[in-house]
Amino acid sequence: MIAAAELGGFFAAHAVWCVSDGDLLIPILAYATPDGERQMERLEHDDLEIAVQAGVERLESNKMEADDGVFVFDGRVTINDVTHDAIILEHRAYLWPESKLIVAVPYVPVESGAFKIHRPMLLAWENCDDCDPDTAMKSFFHGVAEHEKGAEVWKTCFEERE
């Protein structure tokens, strides 16, 4: 799950960069091929629910024959009884087909007056026997740092939740 978490961090930074100027986040299926190359597919659809369902199905099926995959989409997460916009990242390490890592990156949209992102939240950690959650999140942040533009937005717009 370490490599999948790093892949997720890279595309989390990409998603943060996309939404930081008010753009809609088109769901993204990202994956690493056996030769280590990163690929990205945007899943455009008129209905976001259908696009998300299709993305989850593609992530689960691994028809792209990837080593690792992450599905990135715009969603919502509840923190202390308050619902926030969030970038949701579902990770898979296909070497361990039953493993699942889900991370949410809560954010305040630019329409509110100032774009802000908050600390990522671990929503699911299932059958990830190759590492512990702390190691996976360190790898996630390593991936964030690899995306030059996204990492800069992340650093500039990060704010701790109250």
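Ser 99 sits in the loop that joins strands E4 and E5, and it offers a convenient entry into this structure, which is a predicted model. With a relative accessibility of 3%, Ser 99 counts as buried, because buried means under 20% relative accessible area. A polar atom of the Ser 99 side chain lies 2.7 Å from the backbone oxygen of Trp 96, and a polar atom of that side chain is also found 3.4 Å from the backbone oxygen of Ala 93. When residues up to four places away in sequence are set aside, Ser 99 touches Met 1, His 91, Arg 92, Ala 93, Glu 126, Asn 127 and Cys 128.

One of those neighbours, Asn 127, belongs to the loop between strand E7 (121-126) and helix H3. Asn 127 is partly exposed, with a relative accessible area of 45%, and its phi is positive, near 50°, in a residue other than glycine. Most residues other than glycine have a negative phi. Asp 81 likewise has a positive phi, of about 65°, although it is not a glycine. Asp 81 is placed in the loop between E3 and E4, and at 79% relative accessibility it counts as exposed.

From the loops we turn to the interior. The largest nonpolar core has 35 residues, and those with the most contacts inside it are Val 72, Ile 87, Leu 89 and Phe 140. At least two residues of this core come from each of helix H1 (2-19), strands E1 (28-32), E3 (68-79), E4 (82-93) and E5 (100-108), and helices H3 and H4, with H1 giving the largest share, 11 residues. Val 72 touches Phe 11, Ala 15, Leu 25, Pro 27, Ile 28, Ile 87, Ile 88 and Leu 89, again leaving out residues up to four places away in sequence. A second, separate core of 18 residues includes Phe 71, Phe 73, Ala 86 and Ile 102.

Phe 140, named above among the residues with the most contacts inside the largest core, also takes part in the contact between two helices. The axes of H3 (residues 133-146) and H4 (residues 148-157) come within 5 Å and cross at roughly 110°; the two helices are therefore roughly perpendicular to each other, since angles of 65 to 115 degrees are classed in that way. On the H3 side the contact is formed by Phe 140, Phe 141, Val 144, Ala 145 and Glu 146, which meet Glu 148, Ala 151 and Trp 154 in H4. The residues of this contact divide into six nonpolar, no polar and two charged.

Definitions and conventions:
Residues numbered from 1 in each chain as written. Predicted model: local features only at pLDDT ≥ 70, side-chain atom pairs only at ≥ 80, totals over all residues. Heavy atoms only, no water. Axes fitted to C-alpha atoms, helices over the stretch in contact; angles between N-to-C directions. Helix = DSSP H or I, 4+ residues; strand = E, 2+ residues; numbered from the N terminus. Parallel < 35°, antiparallel > 145°, perpendicular 65-115°, else oblique. Contact = heavy atoms within 4.5 Å. Nonpolar A, V, L, I, M, F, W, Y, C, P; charged D, E, K, R; others polar. Core = buried A, V, L, I, M, F, W, Y, C linked by side-chain atoms within 4.5 Å. Buried < 20%, exposed > 50% of the residue type's maximum accessible area, 1.4 Å probe, protein only. Polar contact = N/O pair within 3.5 Å; in protein donor to acceptor, adjacent residues only side chain to side chain.
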